[in-house]
Amino acid sequence: MIKIEQLYKSFGKVDVLEGLDLEITDKGIFAILGPNGSGKTTLIKSILGMVIPQKGKIYFQGEPVMGKWDYRSNISYLPQIAQFPVNLKVRELIEMIKNIRGQSSNEKRLIDLFKVQPFMDKKLGTLSGGTKQKINLVLTFMFDSDLIILDEPTTGLDPVALIYLKELIQEEKAKGKLILVTTHIMKLVEEIADKIVFILDGKIYFEGTVNEIQSKTGEDDLEHAIANILKETYA
Amino acid sequence: MLKILKYSFYDLMRSRWSYVYFFFYLILGFVLLFLNNDVSKAIITIMNIILVLTPLIGTIFGVMYYYDSREFTELLLAQPLKRSTIFMGQYFGVAISLALSLVLGLGIPFAAYGLFQSSEIWNFSSLLVTGAFLTFIFVALSYNLALSYENKIKGFGFAILMWLFFAVIYDGIFLILMMSFNDYPLDKMALIGSSLNPIDLSRILIILKLDISALLGYTGAVFKNFFGTMSGMVTSFGLLVAWVVFPIWRIVGKSRKKDF
């Protein structure tokens with residue numbers, strides 16, 4: 001569904017992506033892992049067209065996407081930091097995104113699920129971080145997109161919301177979608193990810209299942225396996 | 001684009017500052033008219049205030065709105081929208097809401113005073129039109145600066161400097177040049193020099209409209225000869241339009257290459 005060829009991106013003097021190649025053909029849940037500053041968010045934002053790479057090609061569903069915008073109607077994206085216009089009410093924000101996308105949506109169910117009904121007529125500036133993240137999740141999951149990208153989806157969520165989030169992700173997977181998740185919480189990766197894409201120094205260092213990374217590093221525990229790779233490269 | 005414009009507009013209309021700005025002009029209009037009782041004098045006072053204040057407010061709101069709505073912009077960028085749609089929508093949202101505060105804030109007291117029966121109506125409307133132009137110009141210029149500087153403090157600082165340049169420094173340099181080249185014929189230079197600064201250009205347009213160009217002395221006569229004619233009017237309005245169009249064009253170009 002996604003194909004990336006020789007992607008280069010630097011911000012000033014800092015090279016973030018250095019000839020990254022990635023092809024994802026199957027469906028399911030892919031965890032994008034890597035140390036801080038390894039280029040996870042840059043990769044995601046390049047796919048979305050928010051970051052403009054210096055070199056390389058990106059294909060989504062067989063079509064080159066750089067410089068285009070309409071392909072995004074088939075992508076749902078959960079950004080890392082949930083920050084919205086402070087003077088809009090939650091209801092208005094949801095209506096606005098619906099209005100912009102012009103697609104059918106199932107926000108009602110999600111609003112009930114995350115119990116954000118009491119906040120619908122509150123201004124976004126008055127909400128707590130966790131509540132904002134729940135609104136963010138509602139906005140992401142309310143559309144029926146083939147690709148769902150979640151950048152640190154667990155930030156600020158309470159345990160109950162976290163359980164619902166995991167269920168939602170599994171549900172979308174069952175519908176045959178591709179879900180890309182970045183996170184630093186290895187427990188979540190172990191629990192949900194079908195495959196791991198590990199980014200290091202602007203390239204794909206490893207791509208495979210959780211079991212494969214465990215046998216490669218000789219560690220049973222994913223957290224230690226990842227830490228092992230990192231220690232090797234720091235040394 | 002209209003969708004984005006609508007939401008940016010609502011967002012701003014609900015912020016306290018739009019009201020402060022609106023009520024400021026409303027009170028100013030009422031005070032000047034009903035305490036002064038002389039429409040022409042009130043218009044001249046308002047002109048002086050508009051020429052300084054609308055660029056300043058446009059500059060500040062432009063930068064502030066850009067930096068404030070940064071995360072919201074990112075949310076929009078992930079939607080199936082063209083970049084130019086997003087930025088044009090936001091720009092026009094800010095510019096139109098500010099221009100509306102000005103036009104309504106001053107328009108209401110003047111209408112209440114019975115302006116529509118007065119012969120000053122055209123002078124007054126030309127005042128509002130140039131005020132609106134200045135708003136569009138300075139919001140666009142400050143948006144450009146905000147787009148160019150990731151750092152808020154830098155962007156804000158340069159925006160204020162830009163305003164200071166056009167409102168004060170430009171005239172200072174201009175005056176020094178005029179003094180030092182006193183011995184040469186300076187009519188053309190004065191004409192060109194004041195056309196290149198939107199604030200000066202607006203000032204001249206209003207003064208000529210108010211028919212007080214005698215205040216401008218000898219150069220006033222030169223200006224009247226040029227700007228007073230039809231072609232002069234068209235040229236100067238063309239310049240004001242260019243001052244809006246060029247920065248907008250750069251906003252589109254700049255936003256296309258920017259990383260978020």
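Here is a short chat about a strand, a helix contact and some salt bridges in this predicted model.

Me: Before we start, what conventions apply to the numbering and to the predicted model?
Reply: Residues are numbered from 1 along each chain as its sequence is written, chains are lettered from A and ligands numbered from 1 in the order in which they are written. Side-chain values use heavy atoms, leaving out hydrogens and water, while in this predicted model local features need pLDDT of at least 70, side-chain atom pairs count only at pLDDT 80 or more, and totals for chains, interfaces and linings use all residues.

Me: Happy with that. How many residues of strand β8 of chain A are buried?
Reply: Strands here are DSSP runs of E with at least two residues, helices are runs of H or I with at least four, and both are numbered from the N terminus. Buried means under 20% relative accessible area, exposed over 50% and partly exposed in between, with a 1.4 Å probe and protein chains only. In a regular strand the side chains alternate between the two faces of the sheet. In β8(A), Leu178(A), Leu180(A) and Thr182(A) are buried on one side and Ile179(A) and Val181(A) on the other, so the count for residues 178-182 is five of five.

Me: Which residue stands opposite Thr182(A) in the pairing with β7(A)?
Reply: Two strands pair if DSSP finds at least two bridges between them. Strand β3(A) (residues 28-33) runs parallel to β8(A) with five bridges, and there Ala31(A) partners Val181(A). Strand β7(A) (residues 147-151) is also parallel to β8(A), again through five bridges, and opposite Thr182(A) stands Asp151(A).

Me: What handedness does the unit of β7(A), α5(A) and β8(A) have?
Reply: A crossover is called right-handed if, with the strands pointing away from the viewer, the path from the first strand over the helix to the second runs clockwise. Here the helix is α5(A), residues 159-174, and the β-α-β unit is right-handed.

Me: Now over to chain B: how many nonpolar residues does the contact of α2(A) with α4(B) have?
Reply: The axes of α2(A) (residues 90-101) and α4(B) (residues 70-77) come within 11 Å and cross at roughly 35°, using lines fitted to C-alpha atoms over the stretch in contact and angles from 0 to 180 degrees between N-to-C directions. With contact meaning heavy atoms within 4.5 Å, Leu93(A), Met96(A), Ile97(A) and Ile100(A) meet Phe72(B), Leu75(B) and Leu76(B). Counting Ala, Val, Leu, Ile, Met, Phe, Trp, Tyr, Cys and Pro as nonpolar, Asp, Glu, Lys and Arg as charged and the others, Gly among them, as polar, the contact has no polar and no charged residues, and its nonpolar ones number seven.

Me: Which residue forms a salt bridge with Asp144(A), and is that partner buried or exposed?
Reply: A salt bridge is a side-chain nitrogen of Lys or Arg within 4 Å of a carboxyl oxygen of Asp or Glu, and the whole structure has 19 over all chains. Asp144(A) pairs with Lys177(A) at 2.5 Å, N to O, and the two are 33 residues apart, in the loop between α4 and β7 and the loop between α5 and β8 of chain A. Asp144(A) is exposed at 58%, whereas the partner, at 4% relative accessibility, is buried: Lys177(A).

Me: Last one: which residue pairs with Lys173(A)?
Reply: Lys173(A) lies in helix α5 of chain A and its partner in the loop between α6 and β9, so the salt bridge ties together parts 21 residues apart in sequence. Lys173(A) is partly exposed at 29%. The closest N and O atoms are 3.0 Å apart, and the partner is Asp194(A).
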